[in-house]
Amino acid sequence: MNIIEFLKALFLGIVEGITEWLPISSTGHMILVNEFIGGNAGFFGEDLFLYGIQLGAILAIVTLYFRKLNPFAISKTKEEKAATWQMWFKVIVACLPAAVIGLALNDFMDKFENWQVISATLIIYGIAFIVIENINKKKSPRITSIAGMSYKTALLIGAFQVLSIVPGTSRSGATILGAIILGCSREIAAEFSFFLAIPVMFGVSALKLVTNDYVMTGTEWLILGLAMVVAYAVSMVAVKFLTGFVKKHDFKIFGWYRIALGIIVIAYFLIAN
């Protein structure tokens, strides 16, 4: 492994670890990163790599929330175990729209993975975050725990998640925004978004890896492993940051960031072309 490949893997792992959990679009950042490291050609532009490092990011969620996610934990009471199962049932219900609609349109939406669409969705959802937060400024959230979330609400949040098949939307951004609109507190919106990512990201990554015909070399496996470890470590920090941040702040800063990034994407590609 030469130093350039090492740095590429390190950089992509950092970008994935941060942008996968903050509502700022990992796709929007990845398209810029791919431009800076030499375009989409080669191993670093392959689905096998880009979706592979997502597994490192999702393992961070499993690690951080292992006890809360584990219905078999010995330290839990019977009631706590039942509540954990109920949480998982709500996650499964919320995943149904993505399983039905998302998988059907996944390959079709890949055709729209271009800078025009990504910049537009970055800006549109950035504005949406600012507007929704301003509207909810004086409102108290109705749902302050996953236990208090109805299955209908979980399903509707899952419907918002389907919007993330449009490149640049952000899976976390769509689910968090949808949860807030439906009356969830910011903390619960973020947490439920994390939990939804487990089956969704594992499923999408597995699908992409199984259907990809790119044959990796031993060196490329090593590079992928490095990037996954970096994505895992950075995700741990990013998730802890977000959960702490939303206890005292709203999501408007991410809205402004998305708008700025969208403008940067437009400017970069207009100049480059």
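These exercises walk through salt bridges, burial, contacts and a surface patch in one predicted model.

Residues are numbered from 1 along each chain as its sequence is written. In this predicted model, local features need pLDDT of at least 70 and side-chain atom pairs count only at pLDDT 80 or more, while totals for chains, interfaces and linings use all residues, and side-chain values use heavy atoms, with hydrogens and water left out.

**Exercise 1. Find the salt bridges and state which helices each one joins.**

Solution.

Step 1. Fix the rule. A salt bridge is a side-chain nitrogen of Lys or Arg within 4 Å of a carboxyl oxygen of Asp or Glu. Side chains of opposite charge can pair when their charged atoms come close. The count by this rule is three.

Step 2. Fix the helix names. Helices are DSSP runs (H or I, at least four residues), and strands are DSSP runs too (E, at least two); both are numbered from the N terminus.

Step 3. Take R67 and E80. Their side chains meet at 3.8 Å, N to O. R67 sits in helix α4 and E80 in helix α5, so this pair ties together parts 13 residues apart in sequence.

Step 4. Take K68 and E191. The closest N and O atoms are 3.2 Å apart. E191 is in helix α9 (residues 186–211) and K68 is in helix α4, so the pair links parts 123 residues apart in sequence.

Step 5. Take R186 and E133. Here the closest N and O atoms are 2.9 Å apart. R186 belongs to helix α9 and E133 to helix α6 (residues 115–135), so parts 53 residues apart in sequence are tied together.

**Exercise 2. Sort the six salt-bridge residues: buried, partly exposed or exposed?**

Solution.

Step 1. Set the cut-offs. Buried means under 20% relative accessible area, exposed means over 50%, and partly exposed lies in between (1.4 Å probe, protein chains only).

Step 2. Compare each value with them.

- R67 has 42%, so it is partly exposed.
- E80 has 34%, so it is partly exposed.
- K68 has 39%, so it is partly exposed.
- E191 has 14%, so it is buried.
- R186 has 27%, so it is partly exposed.
- E133 has 3%, so it is buried.

**Exercise 3. Describe the surroundings of K76.**

Solution.

Step 1. Locate it. K76 is in the loop between α4 (66–69) and α5 (78–109).

Step 2. Look for a charge partner. Lys and Arg count as positive, Asp and Glu as negative; His and the chain ends are not counted. K76 is buried but has no salt bridge. E80 is its nearest side chain of opposite charge, 6.8 Å away.

Step 3. Look for a polar contact. This is a pair of N or O atoms within 3.5 Å; within protein, one must be able to donate a hydrogen and the other to accept it, and residues adjacent in sequence count only if both atoms are side-chain atoms. The K76 side chain reaches the backbone oxygen of N70 at 3.0 Å.

Step 4. List the contacts (heavy atoms within 4.5 Å). Not counting residues up to four places away in sequence, K76 touches R67, K68, L69, N70, K81 and T84.

**Exercise 4. Which residues form the nonpolar patch on the surface?**

Solution.

Step 1. Name the members. They are F72, W85, F89, I92, L96, Y151 and L155, with about 680 Å² of accessible area together.

Step 2. Assign elements. α5 and α7 (151–162) each give two or more residues to this patch. α5 gives the most, with four residues.

Step 3. Check F72. It lies in the loop between α4 and α5. F72 counts as exposed because its relative accessibility is 59%.

**Exercise 5. Compare the settings of A231 and S170.**

Solution.

Step 1. Place both. A231 lies in helix α10 (residues 218–245). S170 lies in the loop between α7 and α8 (171–181).

Step 2. Check burial. A231 is buried, at 0% relative accessible area. S170 is buried too, at 8%.

Step 3. List partners beyond four places in sequence. A231 touches G13, E16, G17, I53, G56 and A57. S170 is in contact with L22, P23, I24, S25, S164 and R258.

Step 4. Add the polar contact. The side chain of S170 reaches the backbone nitrogen of G173 at 2.9 Å.

Key: Patches are made of residues with over 30% relative accessible area and no salt bridge: like charges are joined within 9 Å, nonpolar side chains (Val, Leu, Ile, Met, Phe, Trp, Tyr) within 5 Å. Accessible areas come from the Shrake-Rupley method with a 1.4 Å probe; for residues, only the protein chains shown count as cover.
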